[in-house]
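Here are some comments on the strand arrangement in this entry, set out as numbered points to be read alongside the coordinates.

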Amino acid sequence: MGAGIVGACIARSLEKEGHDVVLVDRNDPGSGCSFGNSGAILSLGASTQLPGPKLLAQIPGMLLDRNAPLVLRWRHLPGLMPWLAAFVAGCRESRQVETAQAMATLLSDTTGAYDRLLKDSSADALIRRNGALGLSRTDDWFAGDSWRRELNASLGARMEEVSRGELDQLEPSLSASVVRAMYYPDAYSTLDPAGLTQQIVRDVLAGGGKFVQAEVRDIRIENGNPTVLVTDKGEMKVDRLVVAAGAYSHQLARKMGIKVLLNTERGYHVDLEDTVTGLQRVLLHGEHALAINPRPNGLRIAGTVEFASLDASPDYRRAQALWRKGREVLKETCEKEPANMSFWMGRRPTLPDYRPVIGSAPGLKNCWFAFGHQHLGMSLAARTGEIVADLVAARDPGLDLGPFRADRF
Ligand SMILES: Cc1cc2nc3c(=O)[nH]c(=O)nc-3n(C[C@H](O)[C@H](O)[C@H](O)COP(=O)(O)OP(=O)(O)OC[C@H]3O[C@@H](n4cnc5c(N)ncnc54)[C@H](O)[C@@H]3O)c2cc1C
């Protein structure tokens, strides 16, 4: 259930193993959070922020700055309190290291999983295998982030610092605002996250699977098995169920009597059409907490975290702020505001410890959960698909899924 990148990859892995797969989504495939993300397919090393003491110390300052990479829409605070309380309680160094170690077991094979999934698929043409660049605009910020590089390196990440001269060779369109840069050779990216998701769904259909556009409103349980999806288009019988409904997954879990502390970190993008920059690869800007992805006919600048309720209306001033910060990184191509800009908001599904939920639904048979992939859903989707296929086939997935249990909060 759920035809975002996570559900699509799970469906394709299951269908490749001969299962009769039906993907159910109330919207078109790839139209949720998987539509407008930055398209970075990260492996060990280039992974994003995890809750910890440093992040916690930065938050009060960010909450007072309207243009900070993290904002809270205060009137939504009461509904966010349980999640925020668990987040703050988990901001300990020991917990951060445990999470980094757990995430490394997933991140160590993200790109290999895409290679396997997309073998013989035309979706492979949407993947770039040329690494990612992490950028900083100050020496201080770069030095302050060294603990994270050291932690990632201790977990096996490959990365190398790039001098300004080497950077000019790699990406001639970067402006002088970039003073330090790291190259992450193992990262991939996709030029079209929505297109990639949709092509994987087309692969599922070509392999004999089905897609049903319907909203799941209830799930009937008999003898500990989910047996019927009650949808706006009628009832559907199921004999096995995988819930991969992104930021809405907790609502479906609740229908089966399972409480999951899932929240959404809303993020934004601005797409610039008809903007030729010559950029070759995805850029991850540390201080500005944004990513820049060159697209066939333009550029995407995406990022920021906004805490508000799931269905609060978008505040596109966040996307405009991304443009103002992102343009600083690129030379003259972005000096003028392009005529064709479009804005988007997406809901990252995130648990307070930033670990996804992957595994059996607690207390149920024949039901698995795969959601909460936070800032890394595009990266982790293909690997998640393989793990879920192992679980459905009752095979050992070869990693400890304890850190990703649904009932850990
Ligand atoms: C600005 C931004 C930038 C990002 N950049 C990156 C990046 O560079 N790299 C990276 O790895 N990740 C990135 N992410 C994170 C990534 O986009 C998400 O983690 C990922 O898309 C989540 O995928 P999903 O399939 O779980 O959810 P979704 O794509 O949201 O899919 C869930 C689907 O479930 C369906 N659904 C929900 N409820 C129901 C229901 N009741 N009945 C039927 N269908 C239902 C929805 O319609 C939706 O289609 C970014 C996110 C944002 C917001």
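The points below take two sheets in turn, and they concern a predicted model.

1. Strands S10, S11 and S12 form an open sheet of three strands in the order S10-S11-S12, and the pairing in this sheet is antiparallel. Because strand S10 (216-222) and strand S12 (234-237) each have a single partner strand, they stand at the edges, and one side of each is left without a neighbour in the sheet. From one strand to the next, the twist averages 25°.

2. Within that sheet, strand S11 (residues 225-231) runs antiparallel to S12, and the two are joined by four bridges. For checking the register on screen, a convenient place to look is Val-228, whose bridge partner in S12 is Lys-237.

3. A further open sheet of three strands has the order S13-S20-S19, and here the pairing is mixed. Strand S13 (241-243) and strand S19 (357-360) are the edge strands of this sheet, each of them pairing on one side only. The twist in this sheet averages 15° from one strand to the next.

4. The pairing of S19 with strand S20 (residues 367-371) is antiparallel and comprises four bridges. As for the register here, Ile-358 has Ala-370 as its bridge partner in S20.

5. Which strands does helix H12 touch where it packs on the sheet? Helix H12 (residues 377-392) touches S13, S19 and S20, and the direction of the helix makes about 170° with that of S20.

Note on methods:
Residues numbered from 1 in each chain as written. Predicted model: local features only at pLDDT ≥ 70, side-chain atom pairs only at ≥ 80, totals over all residues. Pairing = 2+ DSSP bridges. Axes fitted to C-alpha atoms, helices over the stretch in contact; angles between N-to-C directions. Contact = placed C-beta atoms within 7 Å.
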